[in-house]
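Me: I've got a structure open and I'd like to learn how to read it. Can you walk me through some features?

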Amino acid sequence: MNDKYTYKKGLVYKNQYHIIWCPKYRRPVLTDGVDMRLKEILQEVASEMEVTIKALEIMPDHVHLFIDLDPRLGVHNVIKTMKGRSARILRSEFPQLKTRLPNLWTRSYFLCTVGHVNEGTVKRYIEDQKTY
């Protein structure tokens with residue numbers, strides 16, 4: 001794992017997330033070229049928003065994404081943009097997605113922060129601040 005931080009004017013960060021989201025009704029529609037096109041769209045959005053995709057895998061019924069982003073962007077805004085743009089483009093390029101689903105994505109998603117230290121280490125570090 002790369003433990004390097006990102007340095008920007010007035011900001012240093014390592015802001016990583018594991019994100020999962022699913023098609024509506026968890027239908028296995030991310031196949032037959034939809035998966036490859038979805039990867040392209042997500043890469044385009046990430047590039048425009050200056051988000052680093054560290055890992056990306058499209059399963060037939062869900063998406064796994066591991067990203068690093070500037071905390072000023074807001075992870076919710078990144079996810080909303082990725083899901084919104086991909087739904088619009090995929091539904092226009094793959095008409096079968098319109099007939100099988102009222103919306104491509106569910107409104108929900110799974111989000112977990114990812115770091116190189118565990119919860120106990122951070123808690124101890126914060127608690128020990130006054131002792132130094």
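Reply: Sure. Keep in mind that this is a predicted model. Let's begin with Asp61, which counts as partly exposed at 21% relative accessibility.

Me: Where does the partly exposed class begin and end?

Reply: Under 20% is buried, over 50% is exposed, and partly exposed is in between. Asp61, at 21%, is therefore partly exposed.

Me: Which side chain does Asp61 meet in a salt bridge?

Reply: The general idea is that side chains of opposite charge can pair when their charged atoms come close. Here the side chain of Asp61 meets that of Arg26, at 3.0 Å from N to O. Arg26 is partly exposed too, with a relative accessible area of 43%.

Me: Why does the pair tie together parts that are apart in sequence?

Reply: Look at where the two ends sit. Arg26 lies in the loop between β3 (16-21) and α1 (34-49), while Asp61 lies in the loop between β4 (52-59) and β5 (62-68), so the pair ties together parts that are 35 residues apart in sequence.

Me: What about the backbone of Arg26, where is its phi?

Reply: Phi of Arg26 is near 50 degrees, a positive value in a residue other than glycine. Glu50 also has a positive phi, of about 60 degrees, although Glu50 is not a glycine. You'll find Glu50 in the loop between α1 and β4. Glu50 counts as exposed, at 56% relative accessibility.

Me: How many salt bridges does the structure hold?

Reply: There are 9. One of them joins the side chains of Arg37 and Glu44, at 3.8 Å from N to O. Try the accessibility classes on this pair: Arg37 counts as buried at 18%, whereas Glu44 counts as partly exposed at 36%.

Me: Which residues are linked in a network of salt bridges?

Reply: Lys8, Glu50, Asp70 and Arg72 are. So this is a second place to meet Glu50, the residue with the positive phi. Within the network, the side chains of Arg72 and Asp70 meet at 2.7 Å, N to O.

Me: Are Arg72 and Asp70 buried or exposed?

Reply: One of each. Arg72 counts as exposed at 55% relative accessibility, and Asp70 counts as buried at 6%.

Me: Let's leave charges. Which residues make a nonpolar surface patch?

Reply: For a patch, look for nonpolar side chains that are accessible and lie within 5 Å of one another. Tyr5, Tyr7 and Val12 make a patch of about 350 Å². Tyr7 has its place in strand β1, residues 6-8, and counts as exposed at 62% relative accessibility.

Me: And for contrast, is Ile89 buried or exposed?

Reply: Ile89 is buried, with a relative accessible area of 12%. Ile89 lies in helix α2, which covers residues 75-93. Sequence and space can be read side by side here: Ile89 and Met59 are 30 residues apart in sequence and 19 Å apart in space, C-alpha to C-alpha.

Me: Last one: how much space lies in the largest pocket?

Reply: About 270 Å³. Of the 10 residues that line the largest pocket, the closest to its centre are Lys14, Val114, Gly115, His116 and Val117.

Me: What classes of residue does the lining have?

Reply: The lining of the largest pocket has 4 nonpolar, 5 polar and 1 charged residues. When you sort them yourself, remember that Gly is put with the polar ones.

Terms used:
Residues are numbered from 1 along each chain as its sequence is written. This is a predicted model: local features need pLDDT of at least 70, side-chain atom pairs count only at pLDDT 80 or more; totals for chains, interfaces and linings use all residues. Side-chain values use heavy atoms; hydrogens and water are left out. On a 1 Å grid over the protein atoms alone, a cavity is a set of points where a 1.4 Å probe fits but cannot get out, and a pocket is an open set with protein on both sides within 12 Å along at least five of seven lines; lining residues have an atom within 4 Å of a point. Grid points are joined across faces, edges and corners, and a volume is the space filled by probe spheres set on the points. Patches are made of residues with over 30% relative accessible area and no salt bridge: like charges are joined within 9 Å, nonpolar side chains (Val, Leu, Ile, Met, Phe, Trp, Tyr) within 5 Å. Accessible areas come from the Shrake-Rupley method with a 1.4 Å probe; for residues, only the protein chains shown count as cover. A salt bridge is a side-chain nitrogen of Lys or Arg within 4 Å of a carboxyl oxygen of Asp or Glu. Helices (H or I, at least four residues) and strands (E, at least two) are DSSP runs, numbered from the N terminus. Buried means under 20% relative accessible area, exposed over 50%, partly exposed in between (1.4 Å probe, protein chains only).
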